[in-house]
Amino acid sequence: MSGNSAFELVSERGWRRGLSNLLNKEFAGWWKTRMWWIQCLIWVGLIGFIVGTALFGSPNSRPRLGDMVELYAIIACILPAAGVIIIMQDTLVGDKRDGTAAWIMSKPAARQAFILSKLVAYSLGVLATMVVLPGIVFYAMISIGVEATPDPWPFIASLGIIFLGFLPYLTLTLMLGSFFKSRAPVIGIPMAILFLQQYMIGLLPVLGYALPWSLFVTTANPNISAIVPALLMGQPIYSYLPLVIMAVETILFSLIAVWRFNREEF
Amino acid sequence: MDTIFQPQIKISQILEAPPTSVIETRGLTKAYKGVHALKPLDLAVHQNSIFGFLGANGAGKTTTIKLLLGLIRPSGGTATVFGMDSVSQSIEIRSRVGYLPQEPHFYEHMTARQTLQYVARFFFKGPKKAIEERVDEMLELVDLADKANRPIKTFSGGERQRLGIAQAQVNYPDLLILDEPAASLDPIGRRDVLEVMSRLRKYSTVFYSTHILDDVQRVSDTVVILNNGELVAQGPIEELLAGSEGVVYIVHLKGDVEPTRLQVLSLPWVSGIITGHHNGKTIWQVSVTDPQTAEEQLYRLLANGPAVVTEFHRKQYELEDIFMQVIEGGQNVRK
């Protein structure tokens, strides 16, 4: 590469090669486009509307904190999780189908860095727009509409757990995207899990440890409490095992995505 | 005691050293579900050459290129680029290569400038000013400066192709791999691409695939022809154009040719004469085994005979002739 003496060459090596450039591109896709404010609008609007209706819909009776927490947990469990799946289904499949993944892989960029950049950028985007911002809105609303509000620290911890509950969907969708070129299985399988998980736990209670539903809603498994409502209400948490399993699932799905993408032929 | 440095290599040895291979493949194969897309391929591409990779659609050209870049894995054999293994060191290889895919795909929402900046940042961290200057230079090179800030989704096929050529060169690569670079360009665009390739020879090795034979004949110095995943001809372009049937002279004669014919046929370095007739003239195709002697003696001998020589030249093949000969004849030509 004669004629490049004026440049500072990229120094990243191995699996990190190209990571900063790929991350910049993925972050720009979230924060330098309409993406971020559309997501903010959807989730703040949705949670604000549902919680606001429950809080201020009947002026004669003031809702209890427990009712609001359960409502919030259910909304936060299902709706943004579906949003995560919808957003993620195209991130890898789209690049594969459009030929842009092949184009990028013809540059000095590691395949691990390609997957990691999507994982990091989308995780932070989801955290900010689907967890933190709607969570703050919820907290502000119940501070106004309910007599007792949860302590801030358990509330912040609950936001972390909600985020952890989304990560298996996020990484599962990414992983499926590394296997398939068609969008149908990539969106269909996680959606099926999302909407059928309460029945699956009913049939096989041990699944309560492995499915995010148990973080948000009390299940048929008597050994697992719904962690998010318990944390917000200051109640004891019987088992932290689901949190560990969610983290393991997230790591496992991510590793499989990297492994499979490494074998992809363009 | 003073030691006197004695060079281990003589100047003549350096001058006679074989050219450095940038690309080398040995028995490189690729099969998809048992079907051979590429049969064992042995290639050597020398530094600063313009290497034309010819073949009909589906001949295995793109497969070979993807194997060299590590985009697909070989079923057998090895490929090295700059002496590095195409499987285990593909990132290092790609850091010295510029690649134009057959159908370039970019992010549609990005502008041409953003695309080139994005590609440049896979190679360079900074400084920002130098990157901007390089991007501007590339936009000028492919005549897209006035469209630099337009999103790619508004680009025509030719404009995309030109952007593809620009992004392939943004790092001043040591090796430029172009897959059908002129396929979707108009004649002026084609001419420009060939000019760029010729100019780059000074700095880079150019390895490009095409089925436009005229382009290959104009700029390439070495040619490989693939057919159904198999190498059927390879060599310097001049040698391929000389033909696989040896050196042939075309002679047009008037008058009594028979005494001359017998005399020519008796020469030890003449292997045969094919005779034809056109407009009252006799046309010979004289095949010779010793081109040097033929060049020195054949014309003199013909001119001294009873027939009048109206035309005399060495037969020049068009690449198309060679291509059709090896593709249709299934003939292997290796120089």
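Hi everyone, let me start with two helices in chain A of this predicted model. Helix α5, residues 111-145, and helix α6, residues 152-179, have axes that come within 10 Å and cross at roughly 145°. The crossing of α5(A) and α6(A) is right-handed. If you want to find the contact on your screens, look on the α5(A) side for residues including A:Leu119, A:Tyr122, A:Val126 and A:Tyr139, and on the α6(A) side for partners including A:Phe155, A:Ile162, A:Phe166 and A:Leu174. By type, the residues of this helix contact divide into 15 nonpolar, 2 polar and 1 charged.

Staying with the nonpolar theme, which residues touch the most other members of the largest nonpolar core? They are A:Val84, A:Val228 and B:Ile177, in a core of 141 residues. Take A:Val228: leaving aside residues up to four places away in sequence, A:Val228 touches A:Ala73, A:Ser158, A:Ile161, A:Ile162, A:Leu215 and A:Phe216. You may recognise A:Ile162 from the contact of α5(A) with α6(A). Apart from the largest core lies another one, of 14 residues, with B:Val251, B:Val257, B:Leu302 and B:Ala307 among them.

Now, how do the two chains meet? Chain B gives 30 residues to the contact and chain A gives 26 residues. On the chain B side, α2 (61-69), α3 (90-94), α4 (112-120) and β7 (124-126) each supply at least two residues. The largest share there, 3 residues, comes from β7(B). The chain B side divides into 18 nonpolar, 4 polar and 8 charged residues.

β7(B) also pairs with a strand of the other chain: strand β1 of chain A, residues 8-9, runs antiparallel to β7(B) over 2 bridges. Here A:Leu9 stands opposite B:Phe124. Just along the chain, the peptide bond from B:Gly126 to B:Pro127 is cis, with omega near -5°. B:Pro127 lies in the loop between β7 and α5 (128-141) of chain B.

Next, a sheet in chain B. Four strands form an open sheet in the order β2-β1-β4-β5, with antiparallel pairing. Why do β2 (35-46) and β5 of chain B each have one side without a neighbour in the sheet? These two strands stand at the edges, each with a single partner strand, so one side of each is left free of a neighbour. Further in, β1(B), residues 21-32, and β4(B), residues 76-81, pair over 5 bridges, and B:Thr25 has B:Ala79 as its bridge partner. β4(B) then pairs with β5(B), residues 84-85, over 2 bridges. In that pairing B:Thr80 stands opposite B:Asp85, and B:Val81 stands opposite B:Met84. The hairpin of β4(B) and β5(B) has 2 residues between the strands, and B:Phe82 takes a positive phi near 55°.

That brings me to backbone angles. Most residues other than glycine have a negative phi, and most peptide bonds are trans. Two asparagines in chain B are worth a look here. B:Asn228, in the loop between β10 (222-227) and β11 (230-236), has a positive phi near 50°. B:Asn279, in the loop between β13 (270-278) and β14 (281-288), has a positive phi of about 50°.

Are these asparagines buried or exposed? B:Asn228 has 16 C-beta neighbours inside 10 Å, so B:Asn228 counts as partly exposed. B:Asn279 has 7 other C-beta atoms within 10 Å and is therefore exposed.

Thanks for listening!

Notes. Residues are numbered from 1 along each chain as its sequence is written. Chains are lettered from A and ligands numbered from 1 in the order in which they are written. This is a predicted model: local features need pLDDT of at least 70, side-chain atom pairs count only at pLDDT 80 or more; totals for chains, interfaces and linings use all residues. Axes are lines fitted to C-alpha atoms, for helices over the stretch in contact, and angles run from 0 to 180 degrees between N-to-C directions. A crossing is left-handed if the near helix is turned anticlockwise from the far one by less than a right angle, and right-handed if clockwise. Two residues are in contact if their C-beta atoms, placed from the backbone, lie within 7 Å. Ala, Val, Leu, Ile, Met, Phe, Trp, Tyr, Cys and Pro count as nonpolar, Asp, Glu, Lys and Arg as charged, and the others, Gly among them, as polar. Two strands pair if DSSP finds at least two bridges between them. A nonpolar core is a set of buried Ala, Val, Leu, Ile, Met, Phe, Trp, Tyr and Cys residues joined through C-beta atoms within 7 Å. A residue is buried if 20 or more other C-beta atoms lie within 10 Å of its own, exposed if 12 or fewer, and partly exposed in between; C-beta atoms are placed from the backbone.
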